[in-house]
Amino acid sequence: MLRFLDAGETHGKCLTAIIEGLPAGLKLDINSINHKLALRQSGHGRGGRMAIETDCAEILSGVRGGYTLGSPVALMIKNKDFENWRHIMGAEEAADERGVYVPRPGHADLTGALKYGHTDMRNVLERASARQTAIRTAVGAVCQSLLAVFGVRMASRVVSIGSVRDEADQDCPDFDERIAASPVRMYSAEAQAAAMAMIDAAKADGESLGGVVEVTALGLPPGLGSYVHYDRKLDAVIAGALMSVQAIKGVEIGAGFEAAARPGSKVHDPIAKAGDGAYRRLSNNAGGIEGGMTNGEALIVRAAMKPIPTLYSPLKSVDMRTGQAAEASVERSDICAVPACSVVCEAVVAFELAKAATEKFGGDSIDEMRRNYEGYMKAVAARQA
Ligand code: EPS
């Protein structure tokens, strides 16, 4: 079973992850991991921290000469900002400075302090921070290398920021290139300009902005996940994983919430036989998942991100030292991290798909996994003949 653990505080020394369950013989390219890390750092609306960091992953173990060994793969991303925080965040000695005593509404601060018994809420926010998404992105990039062996191609884009929507279809010309070149990862030039203006206005007003991101995966075989038990349903697993990303408040697959307003004939995708004999859907409102399993169509998942809870014009809160009303703490933060969030969500879905693929096709080596995949695909083709 593919699994990972991660650790790290936002101003601590580094972020780390151990991935266990990757097959031996998988080619890993550090540049493709670092490319995803750079994408995650970019985007209009990011704050001052991103000018400090240049996230680069280091592979600490489990890889030799560019290929996985089958042993756990350990990854590390250093926090450059640690140099500014060493005296406060050191493991052995930590100065009692920059304490946080007024919780931010919408953040983990207050409940985290009550739950773990912290008085300085820095002990909560350091780990609750979305900085953790950097290492999750690195883990996802590794998983995308595994998925690529089986012809799976993933992408992500921003659908909306605040009230500005970009509903451009994935089939538009130069779609991927335009998303990659856009500072808000939108296709439409008008939507991009409006979103950037809205972010600038939010910054001027001491506000923050959320939005909706979309992740797609093409080339998935039918049958990842399962209908037989609730905790093996792939849509449930993906939704749960996305909801674990900081600030994600909603997830939909395919037509999602809109399907609830349509009659059944406008929701379910008719089935036909394609020229090659394969069963195909004539539309894709299901977003590539039926009965908790991939059905061979494109996986389309959307996630809604709430606005970041750190506001430069702070909301009302309470000073936990005195019990008196006070303005919420202001930590340096981003105004809008929706473009970054699209890259993170792609990585998070990649991990769940790679996990489902390793469950389905198993194998200690990539060759064994490939044989299992090819044998299964042959059997599926025979069942459609
Ligand atoms: C974050 C606060 C900010 C963000 C951070 C998430 O960090 P800092 O307090 O150092 O300015 O920049 O995001 C990242 C560091 C990152 O890499 O995405 C928070 O409170 O969640």
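**Notebook: packing around helix α10**

I began with helix α6 (residues 133-149) and helix α10 (residues 338-361), which pack at an angle of about 45° with their axes 7 Å apart. The model I am reading is predicted. I noted α6 and α10 as oblique to each other, because an angle of about 45° is outside the ranges for roughly parallel, roughly perpendicular and roughly antiparallel. I recorded the crossing of α6 and α10 as left-handed.

Next I listed the residues that meet. On the α6 side I found Thr133, Arg136, Thr137, Val139, Gly140, Cys143, Gln144, Leu146 and Leu147. On the α10 side I found Val343, Val344, Glu346, Ala347, Val348, Ala350, Phe351, Leu353, Ala354 and Thr358. Sorted by class, this α6 and α10 contact has twelve nonpolar, five polar and two charged residues.

I then turned to the second helix against α10. The axes of helix α9 (residues 234-243) and α10 come within 9 Å and cross at roughly 145°. I logged the crossing of α9 and α10 as right-handed. From α9, the contact uses Leu234, Val237, Ile238, Ala241 and Leu242. From α10, it uses Cys345, Val348, Val349, Glu352, Leu353 and Ala356. The classes for α9 with α10 are ten nonpolar, no polar and one charged. Val348 and Leu353 of α10 appear in the α6 list and in the α9 list.

**Aromatic rings**

I looked up the aromatic pairs and got a count of six. I examined phenylalanine 4 with phenylalanine 351: the ring centres are 4.9 Å apart and the planes are at 80°, so I entered the pair as edge-to-face. Phenylalanine 4 is in strand β1 (residues 3-7) and phenylalanine 351 is in helix α10, 347 residues apart, so the pair links distant parts of the chain. Are these two rings buried or exposed? Phenylalanine 351 is buried, at 7% relative accessibility, and phenylalanine 4 is partly exposed, at 22%. Phe351 is also among the α10 residues that meet α6.

I also noted one aromatic cluster, formed by Phe150, Phe361, Tyr373 and Tyr376.

**Arginine 262**

My last entry concerns arginine 262, which I found in the loop between β10 (248-253) and β11 (271-273). Arginine 262 has a relative accessible area of 27%, so I put it down as partly exposed. What does arginine 262 contact, leaving aside its neighbours within four places in sequence? I found Ala255, Val267 and Asn285. I also checked arginine 262 against lysine 27: they are 235 residues apart in sequence and 45 Å apart in space, C-alpha to C-alpha.

Methods:
Residues numbered from 1 in each chain as written. Predicted model: local features only at pLDDT ≥ 70, side-chain atom pairs only at ≥ 80, totals over all residues. Heavy atoms only, no water. Axes fitted to C-alpha atoms, helices over the stretch in contact; angles between N-to-C directions. Helix = DSSP H or I, 4+ residues; strand = E, 2+ residues; numbered from the N terminus. Left-handed = near helix turned anticlockwise from the far one by under 90°. Contact = heavy atoms within 4.5 Å. Nonpolar A, V, L, I, M, F, W, Y, C, P; charged D, E, K, R; others polar. Phe/Tyr/Trp six-rings, centres within 6.5 Å; stacked < 30°, edge-to-face > 60°. Buried < 20%, exposed > 50% of the residue type's maximum accessible area, 1.4 Å probe, protein only.
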